[in-house]
Amino acid sequence: MTLVAQAIGGLEAKDTIETVTDDEEKPTVLIVDDDPDVRESLQCLLRTVSLNSRAFASPAHFIKSDLPSRPTCLVLDVRLPGRSGLDFQRELTAANVNLPIIFITGHADVPMAVQAMKAGAIEFLIKPFRDQELLDAIQQGLARDRARCERESELKRLSERFRKLTSREREVMAHVVNGRLNKQIANDIGISEMTVKIHRGQVTRKMKASSVPQLTRMADKLRDGAIFGSSKTTGSVLTTSGSQ
């Protein structure tokens, strides 16, 4: 079972209907539409601009496939057999599958469009739409997902460095990024100023930070990723404990 299938319960398919044009070096556009002519037409269009694509007949078929690890966006038909595109959008969001979505539909429906956009869709296109409208929306979606991939990659690197810090080094780091001086840190945690300097040097080396402002930015990103937490007085917290 794929990661998406594990995250979204209740969607299964006996057979996977999937059409793939794939190059591991390129971004990928995922297409979910029950009309085979539409799927083929969209894939032909994407080939003209050298984009990978994977096409599926339904959400049930979609979740049988692993998501690409490279930048990705989803072109999703609103009206599908069984679950609608809007239903599937909600399920993906609930499962924390954060794909940029471009909706396409043959039926103009303002409330539906508003609902989709409020839920985070990139665009809501009414058929027939111009090819360039779709391509522009896809490029916007891929740019958004590329930024997400870069943030996650950077967070992974920072997390790996942070896990190499000892508990004391994390504590010192928390005080440093809160603007405390070595003498203040020594007094706060009950160690000598020289020991603080040693720990601070280790933090800088292990985190590969060239300055306190850079270390502070790293700490902010780790906090955003729920990896590093600090207060003015208590030091830091890591989900995976380290050595003393």
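Here are four short exercises on this structure, each with a worked solution.

This is a predicted model, where local features need pLDDT of at least 70, side-chain atom pairs count only at pLDDT 80 or more, and totals for chains, interfaces and linings use all residues. Residues are numbered from 1 along each chain as its sequence is written, and side-chain values use heavy atoms, with hydrogens and water left out.

**Exercise 1. Get your bearings**

Task: find how many helices and strands the protein chain has, and where confidence is lowest and highest.

Solution:
- Step 1. Count the DSSP runs, numbered from the N terminus: helices are H or I with at least four residues, strands are E with at least two. The protein chain comes to ten helices and eight strands.
- Step 2. Turn to pLDDT, the predictor's confidence in each residue, from 0 to 100. The chain's mean is 85, and 84% of its residues reach 70 or more.
- Step 3. Look for the extremes: strand S8 (residues 235–237) is lowest at a mean of 41, and helix H9 (residues 193–207) is highest at 97.
- Step 4. Mark the weak stretches. Over residues 10–16 the pLDDT is below 50, and it stays under 50 over residues 230–244. Where pLDDT is low, the predicted coordinates should not be read in detail.

**Exercise 2. Walk along helix H6**

Task: work out how far H6 reaches, and say whether Leu158 is buried or exposed.

Solution:
- Step 1. H6 (residues 131–162) has 32 residues. The expected span is 1.5 Å times one less than the number of residues.
- Step 2. Going from first C-alpha to last, H6 reaches 46 Å, close to the 46 Å expected.
- Step 3. Use the accessibility cut-offs: buried is under 20% relative accessible area, exposed over 50%, partly exposed in between (1.4 Å probe, protein chains only). Leu158, with 3%, is therefore buried. Other buried residues in H6 include Leu134, Ile138 and Phe162.
- Step 4. Check its partners, with contact meaning heavy atoms within 4.5 Å. Not counting residues up to four places away in sequence, Leu158 touches Met207, Met218, Lys221 and Leu222. Leu158 and Lys221 are 63 residues apart in sequence, yet their C-alpha atoms are 8.4 Å apart.

**Exercise 3. Look into a pocket**

Task: describe which residues line the second largest pocket.

Solution:
- Step 1. Its volume is about 190 Å³.
- Step 2. Of the 15 lining residues, Asn98, Leu99, Pro100, Gly120 and Arg144 lie nearest the centre.
- Step 3. Helix H4 (85–94) and H6 each supply at least two lining residues, and H6 gives the most, with four.

**Exercise 4. Spot the unusual backbone**

Task: find where the positive phi of Asn96 and the cis bond before Pro128 sit.

Solution:
- Step 1. Recall the background: most residues other than glycine have a negative phi, and most peptide bonds are trans.
- Step 2. Asn96 has a positive phi of about 60° although it is not a glycine. Asn96 is in the loop between H4 and strand S5 (101–105), and its 57% relative accessibility makes it exposed.
- Step 3. Ala226 also has a positive phi, near 60°. Its place is the loop between helix H10 (212–224) and strand S7 (229–231), and Ala226 is exposed at 60%.
- Step 4. The peptide bond from Lys127 to Pro128 is cis, with omega near -5°. Pro128 lies in the loop between strand S6 (123–126) and H6.

Conventions. 1 Å grid on protein atoms, 1.4 Å probe; cavity = no way out; pocket = protein on both sides within 12 Å on 5 of 7 lines; lining within 4 Å. Points joined across faces, edges and corners; volume = space filled by probe spheres on them.
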